[in-house]
Amino acid sequence: MTTEIRCLTAANPSPLTGAGTNTYLIGSTDIALIDPGPDLPGHLAAILECLGPRQRISHIVVTHAHSDHSALAPCLAALTGAPVWAYGGALDGRSAGMAALATHLPEGGEGLDLSFRPSHLLAEGDCLTSPEWELAVLHTPGHLGSHICLSLGDTLISGDHVMGWSTTIVSPPDGDMANYMTSLRRLLGGGWQRFLPGHGPAIADPEARVRDLLAHRLAREAAILEHLRTGPARIDEITARVYHGLAPNLLPAARRNVLAHLIDLASRNEVTARPALHPDAQFMRN
């Protein structure tokens with residue numbers, strides 16, 4: 001039996017969300033709702049209007065606690081009585097390195113939903129089930145320490161970890177480039193036929209997309225190291241070189257990605273930051 005999957009896209013378009021945030025409704029009787037989305041009355045109404053007379057939302061699952069994915073969860077839970085499931089809150093799942101850096105790094109600036117509190121916690125390997133569907137949890141930190149993907153047969157609901165329309169921002173201390181790359185690699189060979197991302201259309205060749213994203217990040221890393229061969233540089237200068245021609249409204253996100261790469265490179269002793277790891281530091285190649 002094929003599980004029914006419906007997608008509603010919230011009306012929150014932006015350079016970082018594309019057409020908007022995707023909310024997925026899984027099943028035809030007891031429905032798992034994945035990523036309620038932003039706290040918009042119109043999106044709440046659209047979700048409720050999708051429910052037929054014999055349908056109910058039995059589970060609310062949040063892939064990660066960014067406001068464009070999680071903010072509507074409390075209201076929807078109150079209206080439906082459905083429990084809210086997630087790996088944790090916005091700061092959970094951080095690597096030890098990022099937790100240490102968080103004491104002096106500015107916030108990642110990517111819309112953390114610090115008020116988000118799930119009623120039930122999920123961990124790697126957990127399964128949520130109904131007579132119609134089974135969702136297996138994969139903990140995929142990188143974009144956020146508490147990010148999860150959900151496997152439904154040959155379909156993976158990939159949140160913001162893998163998208164087709166854009167690459168994923170990794171913004172320290174919320175995001176961790178080393179974890180992001182590890183989480184990408186673990187999706188290789190998973191046998192999924194499609195990914196359903198948090199933004200943008202379905203990904204029909206997920207294996208190829210994951211390989212493209214890995215290659216893209218490795219190319220960015222190589223470009224950063226190549227630029228540092230000419231001498232010490234700061235993030236703005238590196239970003240202008242590595243992201244040459246990027247639209248100005250995307251440069252803040254690009255700078256965060258560069259910082260994520262530099263932190264990863266510093267952890268591997270390939271670069272040094274003076275006087276310390278910080279967006280304002282001067283970076284040099286070892």
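A pocket is an open set of grid points with protein on both sides within 12 Å along at least five of seven lines. The model examined here is predicted. Its largest pocket draws on three helices, each of which supplies at least two residues of the lining: helix 2 (67–70), helix 6 (206–228) and helix 8 (251–267). The space in this pocket comes to about 490 Å³. In total, 26 residues line the pocket. Those nearest its centre are Leu16, Ser166, Thr167, Ile169 and Ala253. By class, the lining of the largest pocket holds ten nonpolar, eleven polar and five charged residues.

The structure also has one cavity of 30 Å³ or more. The volume of the largest cavity is about 40 Å³. Its lining includes Gly93, Arg94 and Ser95. Pro141, Gly142, Leu144 and Gly145 are also among the lining residues. Asp174, Gly175, Asp176 and Asn179 line the cavity as well. Of the residues around the largest cavity, two are nonpolar, six polar and three charged.

Two open sheets are described next. Strands of a sheet pair through backbone hydrogen bonds, in either the parallel or the antiparallel sense. One sheet is built from six strands, in the order 1-2-3-4-5-6, with mixed pairing. Its edges are strand 1 (5–9) and strand 6 (120–121), each of which pairs on one side only. At the strand 6 edge, the partner is strand 5 (residues 84–86). These two strands run parallel and share two bridges. Within this pair, tryptophan 85 has histidine 120 of strand 6 as its bridge partner.

Strand 4 (residues 56–61) contains valine 61. Valine 61 has a relative accessible area of 0%, so the residue counts as buried. Its C-alpha atom lies 6.0 Å from that of aspartate 35. Along the chain, valine 61 and aspartate 35 are 26 residues apart.

The other sheet has five strands in the order 7-8-9-10-11. This sheet is open too, and its pairing is mixed. Strand 7 (127–129) and strand 11 (194–197) form the edges, and each pairs on one side only. With direction ignored, neighbouring strands of the sheet are turned against each other by 25 degrees on average.

Strand 9 (residues 148–152) pairs with strand 8 (residues 134–139) in the antiparallel sense. Four bridges link strand 8 and strand 9. In one of them, valine 137 is matched with leucine 150 of strand 9. In another, leucine 138 is matched with cysteine 149 of strand 9. Strand 9 also runs antiparallel to strand 10 (residues 155–159), to which three bridges join it. Here leucine 152 stands opposite threonine 155 of strand 10. Strand 9 and strand 10 form a hairpin, with two residues between them. Glycine 153 lies in the turn and has a positive phi of about 60 degrees.

Strand 9 is mostly covered, with five of its five residues buried. Ile148, Leu150 and Leu152 point one way from the strand. Cys149 and Ser151 point the other way. Residues on both sides of strand 9 are buried.

The structure holds zero disulfides. Cysteine 7 is in no disulfide, and its nearest cysteine sulfur, in cysteine 50, is 9.9 Å away. With a relative accessible area of 41%, cysteine 7 is partly exposed. Cysteine 149, in contrast, is buried at 0% relative accessibility. A disulfide requires two cysteine sulfur atoms within 2.5 Å. The sulfur of cysteine 149 is 14 Å from the closest cysteine sulfur, that of cysteine 127, and is therefore too far away for a bond.

Methods. Residues are numbered from 1 along each chain as its sequence is written. This is a predicted model: local features need pLDDT of at least 70, side-chain atom pairs count only at pLDDT 80 or more; totals for chains, interfaces and linings use all residues. Side-chain values use heavy atoms; hydrogens and water are left out. On a 1 Å grid over the protein atoms alone, a cavity is a set of points where a 1.4 Å probe fits but cannot get out, and a pocket is an open set with protein on both sides within 12 Å along at least five of seven lines; lining residues have an atom within 4 Å of a point. Grid points are joined across faces, edges and corners, and a volume is the space filled by probe spheres set on the points. Ala, Val, Leu, Ile, Met, Phe, Trp, Tyr, Cys and Pro count as nonpolar, Asp, Glu, Lys and Arg as charged, and the others, Gly among them, as polar. Buried means under 20% relative accessible area, exposed over 50%, partly exposed in between (1.4 Å probe, protein chains only). Two strands pair if DSSP finds at least two bridges between them. Axes are lines fitted to C-alpha atoms, for helices over the stretch in contact, and angles run from 0 to 180 degrees between N-to-C directions.
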